[in-house]
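User: I should like to learn how to read buried residues, nonpolar cores and empty space in a protein model. Could we work through them one feature at a time?

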Amino acid sequence: MNDEQLYTIGEVSKICNVSRKALRFYDKIGIIRPDKISEENGYRFYSRETLLFVPVIKYFKQMGFKLEEMREFLKGSSYSAHEKGFREKIAELKKQEEEIHTAYTSVQDWYDLIVEAESVIENQVTEVSVKYSDALTTCYLEQDFNYNYMDSIININWTNYLEEIGKAITGPVILWFPNCREKMQGKPTKARILQKIISDCGNNPVMTLGGCMVASCYHIGPHETIRETYDKVFRWTQEHGYRCGEDSTERYVTDYWTTRKSENFVTEVIIKVTRN
């Protein structure tokens, strides 16, 4: 091969927009080797054919392949190496995609809750309204409720259960109470803790909330004073010709997960209603 048919490392760097350091590293790990090294000064020279490996490497990098993974591909000896390597990379990227989707969904939903709470506090939205509540079917864990809201919301048993069944959650913590009047009176009661499952619940026990008309009211402030909001809902529904159901749901928009200032807590109290 004649010298005039070769490119210096500097020329390859300019033509292919790749650093000399990268080219030397490619040589070191056996990805792209120069076609000739001068015995006099150690200069590297590359043929046009070798130079054309650089765009191929860039595209492999775009697809997420590490340099070490490219060696077999660049040999170009068979399709089998590509098929095996691509199949493994697809599986790897699919897993990464799922992890990124989980992280994105979790961050976006938490951000939305903060925006919701800020709007509720700024506009002092504490009046009762009747609305349709979309159905939410999700996993749950039943527990004794002892009125320790912090323990119930940042719930270790719930976290452990989710890890055990391999499910990721998003959105607000929700507590469902089978008898809202007992809960208002501070009597011992059961509660089910729920959150939206990002994928699906699989074969685990599920319950469905919503799918009906409800009375809704935001409660601003400590959870210990939430009875005031229940009283408001019962008075309003009675005055407007509605009958409240037996159970209730508390949707914690912002709570101990976001702030330790209880005056900034925002909780949505939700009770199923029907017309008298």
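**Reading burial, cores and voids**

Analyst: We may start with a helix and its surroundings. The model is predicted. What covers the buried residues of α2 includes α1 (9-16), β3 (44-47), α4 (53-62) and α5 (67-75).

User: Which residues of helix α2 (residues 20-29) are buried?

Analyst: They are Ala 22, Leu 23, Tyr 26, Asp 27 and Ile 29. After α2 comes Gly 30, which has a positive phi, near 80°.

User: How should I read a nonpolar core?

Analyst: In soluble globular proteins, nonpolar side chains tend to be buried together. Here the largest nonpolar core has 33 residues, and those that touch the most other members are Tyr 149, Trp 158, Phe 177, Tyr 230, Phe 234, Tyr 252 and Ile 271. Helix α8 (residues 156-165) gives the largest share of this core, four residues. Another core, of 20 residues, lies apart from it and has Ile 31, Leu 51, Phe 65 and Phe 73 among its members.

User: With what is Trp 158 in contact, leaving aside its neighbours within four places in sequence?

Analyst: Trp 158 then has contacts with Cys 139, Tyr 140, Leu 141, Gln 143, Ile 169, Ile 193, Leu 194 and Gln 195.

User: How is empty space found, and what is the volume of the largest pocket?

Analyst: Rolling a probe the size of a water molecule over the atoms shows where empty space is left. In this model the largest pocket holds about 620 Å³. It is lined by 28 residues, of which Ser 133, Asp 134, Leu 136, Ile 174 and Arg 251 are the closest to its centre. β6 supplies the largest share of this lining, five residues. By class, the lining of the largest pocket divides into eleven nonpolar, nine polar and eight charged residues.

User: Which element gives the largest share of the lining of the second largest pocket?

Analyst: That element is α6, with six residues. The second largest pocket has a volume of about 400 Å³, and of its 25 lining residues, Trp 110, Ile 169, Gly 171, Gln 195 and Trp 257 are the closest to its centre. Its lining has 14 nonpolar, nine polar and two charged residues.

User: How many cavities of 30 Å³ or more does the structure hold?

Analyst: There is one, with a volume of about 40 Å³. Its lining consists of Gln 143, Asp 144, Phe 145, Ser 152, Leu 175, Ala 191, Arg 192 and Ile 193. β5 (136-145) and β7 (189-197) are the elements that give two or more residues to this lining.

Notes: Residues are numbered from 1 along each chain as its sequence is written. This is a predicted model: local features need pLDDT of at least 70, side-chain atom pairs count only at pLDDT 80 or more; totals for chains, interfaces and linings use all residues. Side-chain values use heavy atoms; hydrogens and water are left out. On a 1 Å grid over the protein atoms alone, a cavity is a set of points where a 1.4 Å probe fits but cannot get out, and a pocket is an open set with protein on both sides within 12 Å along at least five of seven lines; lining residues have an atom within 4 Å of a point. Grid points are joined across faces, edges and corners, and a volume is the space filled by probe spheres set on the points. A nonpolar core is a set of buried Ala, Val, Leu, Ile, Met, Phe, Trp, Tyr and Cys residues joined through side-chain atoms within 4.5 Å. Buried means under 20% relative accessible area, exposed over 50%, partly exposed in between (1.4 Å probe, protein chains only). Contact means heavy atoms within 4.5 Å. Ala, Val, Leu, Ile, Met, Phe, Trp, Tyr, Cys and Pro count as nonpolar, Asp, Glu, Lys and Arg as charged, and the others, Gly among them, as polar.
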